[in-house]
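Student: I have a model open on my screen and would like to work through its side-chain packing. Could we go over it together?
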Amino acid sequence: MSSAISFTAGKVDLGGLPQNRTYVYTWYTPWDEESIGSDPSDDLFIREGQTTTVSNIPTAPPAGNYNVRGLRLYRTVSSTSGTEYFKLANLWFPIQISAVRRTSNVSRVTTATEHNLSIDEYFKISGCSVASFDITGGIVTNVIDGYTFEYAQVDADVANTPVVSGTIYHDVSQFPGTTPAQYWGDSTYDFTDNFDSRFLLDTLQTDEYDPPPIDLKGLSSVQNNFLAGFVANEVYFSELNRPHAWPVSYKVTLEHNVIAMTAVGGALFVATDAYPYILQTSDPAAGVSVQRIDLNYPCTNAKSMVTMEYGAVYATYEGLAVYSPFSGSQLLTKYNYDDDSWSRSLDPTTVNGQFFGSKYIGSHSKGSFTFERDEKTGGIFTTFGNPTYYLLNQSGGQILQQNGFGILLNAPSPVQFTASYFDSVNYKLYMVRDSQPDVFLFDDITQAPLLMEWKSKVFKTKDMINLGAARVIADFTELSANALVASWDSITTNWENTTSLYEFSGQVTFYLWVNKELKAVRDLTSNNTFRLPTGYRADTFEFTVISTVRVREVHLAETPIGLKEA
């Protein structure tokens, strides 16, 4: 800020040595937000006790939607311990009235913006279109809210009446009611400084209250009620309890560009386009501790970061990564996907995450999924809405992986979202898509179930075995017997002797992989035991189920007898 403040010294010749005096002002809002000080005025040499007129004070707030309604004026006061700026007064800009009423000699005034008055403060009203409300030396007797106050005035009752004109001016004298009133903005915006320095108490505290950078991103609330944000590779912090003040001196510069950040366990977790960082502080003014986590898990999309009960989860190129203050950084999905299969299944740069029901809900360019942490199984990863469908070439043992159901008639559309909101009060998750104006409710039990795909982790057995039997426990429903459409060779000539494709209507399809190759596909309609292929021995197994019904358990064994122990 800058200012051009001129002064006219009084003519009273008082005792004492002349002292160097300057003035500054700060912008001020009704929310107790105060800016840094303006440039100081020219030096003025004056004896204590002389009256000074301060002119060229701003008469309107700065351009922009900052809710600035006034300013604070300060002057220097010298002492044996040094020179500081002390506050003279809050100079509120004149306020327009929007409505008035009077009952039993109590006048009530409603203003267009915050009136900034407290009980026992003095004010003046002039130019009111309901003339009986004009008053000089009015005293506030009651504050209804930030826009309405009352004062005593003997006159006839007036019903609530909108007004077309009327202005309120604040008395900014040092001792209202005792010293001559000074209604700032009433015919002049000059300020008469006849204040006694012995009664000036408040010093300027906002020397470093810089505004936040205009391109600040990733706003996060950290412990002790301060905020953090970032621009490129720089992390900024606000003052404690002062969300408008972002001292540049608190800035921390990192080696890599910041993608997203969130508060975890009292610290600030910062994910970048390379290594993540932990920034620790209880007060940025006292310094910030910076620790780089030496695991190269770059964040691929800021929208993927979600704070879970066990840490901060976000998408990286190898899977879902998590940072926990107790266990550090690791890959959550390492038992479900490796870096190759993860990138084939989805585009990690498009993952948009949300927390719901102790699960990570993810949407991406190819569909959606849920992930639930489970130490025993390595994590429950479920694709829904548009799962992957696998075809087995029975003659050659080749595998075709078809993402989605584009080859099916009346295929379900992907369940995707570009933004979401978790209503914790009503425990509901709402979603929107860029291309649609509607708001969607997630997991609405009144609607038909969607297709889901669940893939197990890789199971390694101690010995080489042949899994010959399996059983899927699910909430099966009666099928509608409209099984489909065609086999793959009716759509393309590249494949022959493939399994048929089916509409999913309350059934489960089971897939078994042996040594990373698809070995069996079974369409199920009940909880009964079913046979698996024989003639091999292996120690590496995986399985997948695709269904529209709840799948509760999957049992596998070498023989049907072995399933009895499950």
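Student: Is Phe459 buried, exposed or partly exposed?

Tutor: In this predicted model, Phe459 counts as partly exposed, at 36% relative accessibility.

Student: Which ring does Phe459 pair with, and how are the two arranged?

Tutor: The partner of Phe459 is Phe543, and the pair is stacked, with 6.0 Å from centre to centre and 5° between the planes. Phe459 belongs to strand S38 (residues 459–465) and Phe543 to strand S43, so the pair ties together parts that are 84 residues apart in sequence.

Student: And Phe543, buried or exposed?

Tutor: Phe543 counts as buried, at 7% relative accessibility.

Student: What about Thr544, where does that residue sit?

Tutor: Thr544 is placed in strand S43, which covers residues 538–547. Its relative accessible area is 0%, so Thr544 is buried.

Student: Which residues does Thr544 touch, leaving out those up to four places away in sequence?

Tutor: Thr544 touches Glu453, Trp454, Lys455, Thr509, Phe510, Tyr511 and Trp513.

Student: Lys455 is in that list. Which residue forms a salt bridge with Lys455?

Tutor: Glu542 does, and the closest N and O atoms are 2.7 Å apart. This salt bridge links distant parts of the chain, since Glu542 is in strand S43 and Lys455 in strand S37, 87 residues apart.

Student: Are those two residues buried or exposed?

Tutor: Glu542 is buried, with a relative accessible area of 5%. Lys455 also counts as buried, at 16% relative accessibility, because the cut-off for buried is under 20%.

Student: Over which ring does the charged end of Lys455 sit?

Tutor: The charged end of Lys455 sits over the ring of Tyr337, 5.9 Å from the ring centre. Tyr337 is itself part of one aromatic cluster, together with Trp342, Tyr360, Phe369, Phe371 and Phe381. Another lysine placed over a ring is Lys519, whose charged end is 5.0 Å from the centre of the Tyr536 ring.

Student: Let us turn to the nonpolar cores. How many residues does the largest one have?

Tutor: The largest nonpolar core has 31 residues, and those with the most contacts inside it are Ile361, Val472, Val508, Phe510 and Leu532. Several strands supply at least two residues each, among them S35 (428–432), S37 (452–455), S39, S40 (508–514), S41 (517–524) and S43.

Student: Which residues is Val508 in contact with, apart from its neighbours within four places in sequence?

Tutor: The contacts of Val508 include Val472, Ala474 and Phe476. Others among them are Arg522, Asp523 and Leu524, as well as Val545, Ile546, Ser547, Val549 and Val551.

Student: What does the second core include?

Tutor: The second core is separate and has 19 residues, including Tyr23, Tyr25, Phe86 and Val172.

Student: Now S39 again. Which sheet is it in, and in what order do the strands run?

Tutor: S39 is in an open sheet of three strands, ordered S42-S39-S44, with antiparallel pairing. Strands S42 (530–531) and S44 (551–557) stand at the edges with a single partner strand each, so one side of each is left without a neighbour in the sheet.

Student: How many bridges hold S39 and S42 in register?

Tutor: S39, residues 469–474, pairs with S42 over two bridges in the antiparallel sense. Ala470 has Phe530 in S42 as its bridge partner.

Student: Back to charges. How many salt bridges does the structure hold?

Tutor: It holds 18 salt bridges. One of them joins Asp202 and Lys87, with the closest N and O atoms 3.9 Å apart. Here too the pair links distant parts of the chain: Asp202 is in the loop between strand S15 (191–193) and strand S16 (217–222), whereas Lys87 is in strand S7 (residues 82–92), 115 residues away.

Student: Which of these two is buried and which partly exposed?

Tutor: Asp202 is partly exposed, with a relative accessible area of 44%, while Lys87 is buried, at 18%.

Student: And what does Arg198 pair with?

Tutor: Arg198 meets Asp196 in a salt bridge, 2.6 Å from N to O. Arg198 is exposed, at 64% relative accessible area, and Asp196 counts as partly exposed, at 22%.

Student: Which residues are linked in a network of salt bridges?

Tutor: Arg21, Arg75 and Asp193 are linked in such a network.

How values were computed:
Residues are numbered from 1 along each chain as its sequence is written. This is a predicted model: local features need pLDDT of at least 70, side-chain atom pairs count only at pLDDT 80 or more; totals for chains, interfaces and linings use all residues. Side-chain values use heavy atoms; hydrogens and water are left out. Helices (H or I, at least four residues) and strands (E, at least two) are DSSP runs, numbered from the N terminus. Buried means under 20% relative accessible area, exposed over 50%, partly exposed in between (1.4 Å probe, protein chains only). Contact means heavy atoms within 4.5 Å. Two strands pair if DSSP finds at least two bridges between them. Rings of Phe, Tyr and Trp (its six-membered ring) pair if their centres lie within 6.5 Å; planes under 30 degrees apart count as stacked, over 60 as edge-to-face and the rest as tilted. A charge sits over a ring if NZ of Lys or CZ of Arg is within 6 Å of the ring centre and within 35 degrees of the ring normal. A nonpolar core is a set of buried Ala, Val, Leu, Ile, Met, Phe, Trp, Tyr and Cys residues joined through side-chain atoms within 4.5 Å. A salt bridge is a side-chain nitrogen of Lys or Arg within 4 Å of a carboxyl oxygen of Asp or Glu.
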